[in-house]
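Reader: Please take a close look at one part of this structure, the pocket, and place it within the fold of the chain. I would also like to hear about individual residues in the elements concerned, and about the salt bridges.

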Amino acid sequence: MDDIIVRYPQVELYLKSQHVIDLAAMWRDSQGNEKKEIDIEGFKLALSHVDAQMKSLPATAQIAAQQGAYLARCFNRMDQCAENPEGPRRFGGSGRYKFRPFRYRHFGQFAPLGGEQAAAELPGDWVSMGHSTQWLWYSVYASKQVSWRTRVLVISDWTRRFVFGRDSSRI
């Protein structure tokens, strides 16, 4: 059963959203009795029910960065995983897939509100708004820059804007 959750991560999300603890709850018959075995058609029906309620991941930088890091790990470990596959078992044949499937982890989101204020929603249902959240956003944004040069340039632009305002044509 754990292999099913590894292979189909959307099943785990669906179970959490439905407050279902066990995967076997999806395999009950119409009277609510648990089945000892499930046929492939019943499994396909359960997965189609899960997929009908799931949405694809939005095209955001947070997701793209995680997918890029996942691909880099896969490419760097390609030889090692060819000998010792770490992915879920294959249903149609023998053996395992080389890699575990991609899993998205939500780290939160920020929204600028204007007037040097921002709103943030972070994991653990933590929500914040105001000036302190704007400074938190500045620190996160600066830390995500790829080099020290771009960090310094971004911070100097923010400082220049803070001191002189947005119109810098008179400088």
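Author: Read from the N terminus, the elements of the protein chain follow the order α-α-α-α-α-β-β-β-α-α, a run that contains seven helices and three strands. The model is a predicted one, and what follows should be read with that in mind. Of the 171 residues in the protein chain, 23% are buried. Where contacts join residues at least 6 apart in sequence, 37% of them link residues at least 24 apart.

Within this arrangement, the largest pocket has a volume of about 720 Å³. Its lining is made up of 21 residues, and those that lie nearest the centre are A61, Q62, F107, G108 and K144. The elements that contribute two or more residues to this lining are α4, which covers 61-76, β1, which covers 109-112, and α6. Helix α4 provides the largest share, with five residues. In character, the lining divides into twelve nonpolar residues, seven polar ones and two charged ones.

Two of these contributing elements, α4 and α6, can be examined through one residue each. In helix α4 sits Q66, a residue whose relative accessible area is 12%, so that it counts as buried under the 20% cut-off. Setting aside the neighbours within four places in sequence, the partners of Q66 are F102, R103, Y104, R105 and F107. One of these partners, F107, has already been named among the residues nearest the centre of the largest pocket.

In helix α6, which spans residues 131-143, the corresponding example is T133. T133 has a relative accessibility of 2% and is therefore buried. The side chain of T133 comes to 3.5 Å from the backbone nitrogen of M129. Beyond the residues up to four places away in sequence, T133 touches F110, A118, A119, A120 and S128. The strand ranges help to place these partners: β1 runs over 109-112, β2 over 118-122, and β3 over 126-130.

The salt bridges come next, and there are two of them by the rule applied here. One joins the side chains of E116 and R161, with a distance of 2.9 Å from N to O. This pair connects distant parts of the chain, since E116 belongs to the loop between β1 and β2 while R161 belongs to helix α7, residues 148-164, and their positions lie 45 residues apart. Neither end of the bridge is buried: E116 has a relative accessibility of 31% and so counts as partly exposed, and R161, at 22%, is likewise partly exposed. E116 also has a backbone feature to note, in that its phi is near 60 degrees, a positive value in a residue other than glycine.

The other bridge is formed by D157 and R160, whose closest N and O atoms are 3.1 Å apart. Here both partners lie in helix α7, three residues from one another, which is about one turn of the helix. D157 has a relative accessible area of 40% and is therefore partly exposed, and R160 falls in that class too, with a relative accessibility of 38%. The two bridges thus make different kinds of link, because one brings together a loop and helix α7, whereas the other stays within that helix, and their four residues are partly exposed.

Two further residues in loops complete the picture. D125, found in the loop between β2 and β3, is not a glycine and yet has a positive phi of about 60 degrees. With a relative accessible area of 74%, D125 lies above the 50% cut-off and so counts as exposed, whereas E116, at 31%, counts as partly exposed. Earlier in the chain, Y97 is part of the loop between α5, which covers 78-83, and β1. Y97 has a relative accessibility of 29% and is therefore partly exposed. The C-alpha atoms of Y97 and A82 are separated by 9.0 Å in space, while the two residues are 15 apart in sequence.

To return to the pocket, its lining draws five residues from α4, and twelve of the lining residues are nonpolar. Q66 in α4 and T133 in α6 are each buried, at 12% and 2% respectively.

Technical notes. Residues numbered from 1 in each chain as written. Predicted model: local features only at pLDDT ≥ 70, side-chain atom pairs only at ≥ 80, totals over all residues. Heavy atoms only, no water. Buried < 20%, exposed > 50% of the residue type's maximum accessible area, 1.4 Å probe, protein only. Polar contact = N/O pair within 3.5 Å; in protein donor to acceptor, adjacent residues only side chain to side chain. Contact = heavy atoms within 4.5 Å. 1 Å grid on protein atoms, 1.4 Å probe; cavity = no way out; pocket = protein on both sides within 12 Å on 5 of 7 lines; lining within 4 Å. Points joined across faces, edges and corners; volume = space filled by probe spheres on them. Nonpolar A, V, L, I, M, F, W, Y, C, P; charged D, E, K, R; others polar. Salt bridge = Lys/Arg side-chain N within 4 Å of Asp/Glu carboxyl O.
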